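Trainee: I'd love a close look at one part of this structure, taken slowly. Could you start at the surface and then walk me inward, explaining as you go?

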Amino acid sequence: MAFHLSSLTGAAFGQLFRTLKTVRPERPIHPRGVALKGVVQIRDLPGGERDHNASARSGIDWIDNPGQHPAIARFSRSVGIPAPFPDILGLALRLPDGLRPADVLFATTGLSVPGRFVLLPHRNLNKAAFTTLMPYRGALGPVLLALETIQVPEGARSADTERALEHSLAGAEWVLALSFARPGGPWQRFGTLTLKAEAGPTDTDSRFDPVRNVLPGAETYGWARRLRERSYAVAQSRTDRSLPTEELRLPRPHKSKKKVSTEMATVSKTFLTPPADVWNVIADGWLYSGWVVGASRIRDVDALWPAVDGVLHHSVGAWPLLINDKTVVTASDPGKSIELIARGWPLGEAKVVITLEPVESGCRVSIAEDAIKGPGSLIPKFIRDPLISVRNTETLNRLELMAAGGAGN
């Protein structure tokens, strides 16, 4: 029941963000911000002293391993309520280490239980506490992160306007304590974040995505991903009104077929197997009915599969009510992505895009899908998207087990 609720709630958030985007096409929330840069120091604190909680472990590699990491950030007021009224304050943090960045989003909440799960408006950085609100999944269980101001210039204490903060941090530093906690446990400090105003543009065009860009050694819980991914996709999509004037004058580049539309229902999961093992399962068309929910049996597989124009002849449904149809490959990048048109008439046709991304722990697999023809496409999107996501979450679970078991090798 919780799974269905998180999917439906996520779809509702996505629809809310689409509505807000008609008013604020560039950024529906956090409309104005200040670009910041700095460094994260884990375990070693200013002055060379050691954190008294240095022995505590979170189960997330990035937190547990001492080190120094460059960081870029964006401070903003969430709703954009004009000063001097308080607003929910946000701090988006990007850690560009490694092959891909890790993004962490903080917002002002309380620190106690249950206050750490409640968004709170503030206008004074000295008194504000920031948390991730939703936990990460680490090797030892769920983990929340928090930031508390240690030092901030006098002129930056009031967050009435982004420009006032930017001016104050141009020649001084904002220092914050980094802590982690279990959802109901005490906060344990593990490092320090130091920020100052970025030279150049006052704001940044970067979009931060903690669902796709997860901290090293951490994962996102399925329910949290389903709550957030649709609203993030809408917020990060660009419209003609949000593009710079000079960009509007340029001809539109041809879009690759393998590009995943932000309007498709998308689910993702990190497998503890390399991309090659996952691709081996996908490439063996005779295994298709073993991991694709709804496919009952395979009748034939073209020699071209999984290359472009390859056809897989399958049946869908349950005996004796079986429908014979086919799935066609429309784009393929071996080991990385495949795009399919899955047919099941008289129910209709669906476009499916599967992408494989190597990560430190193995492979992140995403399935994006939407109905494109037939009765299925007539179902309202806010209803069909959660249904597609439920089915494809189970599809990912099956694919993960088959890849881990060596199917296709």
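**From a surface loop to a paired strand**

Mentor: Happily! V113 sits in the loop between β4 (102-109) and β5 (129-131). Please keep in mind that the model is predicted. V113 has a relative accessible area of 48%, and because exposed means over 50%, V113 counts as partly exposed. V113 also has company: together with F117, V118 and L120, V113 forms a nonpolar patch on the surface. The accessible area of these four residues adds up to about 300 Å².

Now let's turn to strand β17, which covers residues 362-373. Of its 12 residues, 10 are buried, so β17 is largely enclosed by the rest of the structure. Which strands pair with β17? One is β16 (residues 349-359), whose pairing with β17 is antiparallel and runs over 11 bridges. A hairpin of two residues carries the chain from β16 to β17. Another is β11 (residues 265-271), which pairs with β17 over seven bridges, again in the antiparallel sense. R364 is a handy residue to find in your viewer. In the pairing with β16, R364 of β17 stands opposite E357. In the pairing with β11, R364 of β17 stands opposite T270.

From these strands we can move on to charges. Side chains of opposite charge can pair when their charged atoms come close. The structure holds 12 salt bridges, and a few of them involve the elements we have been looking at. In β17, the side chain of D370 meets that of K381 in a salt bridge, with an N to O distance of 2.9 Å. This pair links distant parts of the chain: D370 belongs to strand β17 and K381 to helix α8, and the two are 11 residues apart. D370 is buried because its relative accessibility is 11%, under the 20% cut-off. K381, at 23%, is partly exposed.

K381 has a further partner in D385, where the closest N and O atoms are 3.2 Å apart. K381 and D385 both lie in helix α8, and their spacing of four residues is about one turn of the helix. D385 is buried, with a relative accessible area of 4%. Put these residues together with R384 and you get a network: D370, K381, R384 and D385 are linked by salt bridges.

Helix α8 (residues 381-404) also contains E400, which makes a salt bridge with K269 of strand β11. Their side chains meet at 2.6 Å, N to O, although 131 residues separate them along the chain. E400 has a relative accessible area of 19% and is buried, whereas K269, at 21%, is partly exposed. Those two values fall on either side of the 20% cut-off, which is why their labels differ.

Let's finish with the empty spaces. The structure holds two cavities of 30 Å³ or more, and the largest contains about 60 Å³ of space. Its lining includes M134, P135, Y136, P210 and V211. β10 (219-220) and α4 (222-236) each supply at least two residues of that lining, and E219, T220, A224 and R228 are also among the lining residues.

How values were computed:
Residues numbered from 1 in each chain as written. Predicted model: local features only at pLDDT ≥ 70, side-chain atom pairs only at ≥ 80, totals over all residues. Heavy atoms only, no water. Patch = residues over 30% accessible without salt bridge, like charges linked within 9 Å, V, L, I, M, F, W, Y side chains within 5 Å. Areas by Shrake-Rupley, 256 points an atom, 1.4 Å probe, with all protein chains shown as cover. Buried < 20%, exposed > 50% of the residue type's maximum accessible area, 1.4 Å probe, protein only. Pairing = 2+ DSSP bridges. 1 Å grid on protein atoms, 1.4 Å probe; cavity = no way out; pocket = protein on both sides within 12 Å on 5 of 7 lines; lining within 4 Å. Points joined across faces, edges and corners; volume = space filled by probe spheres on them.
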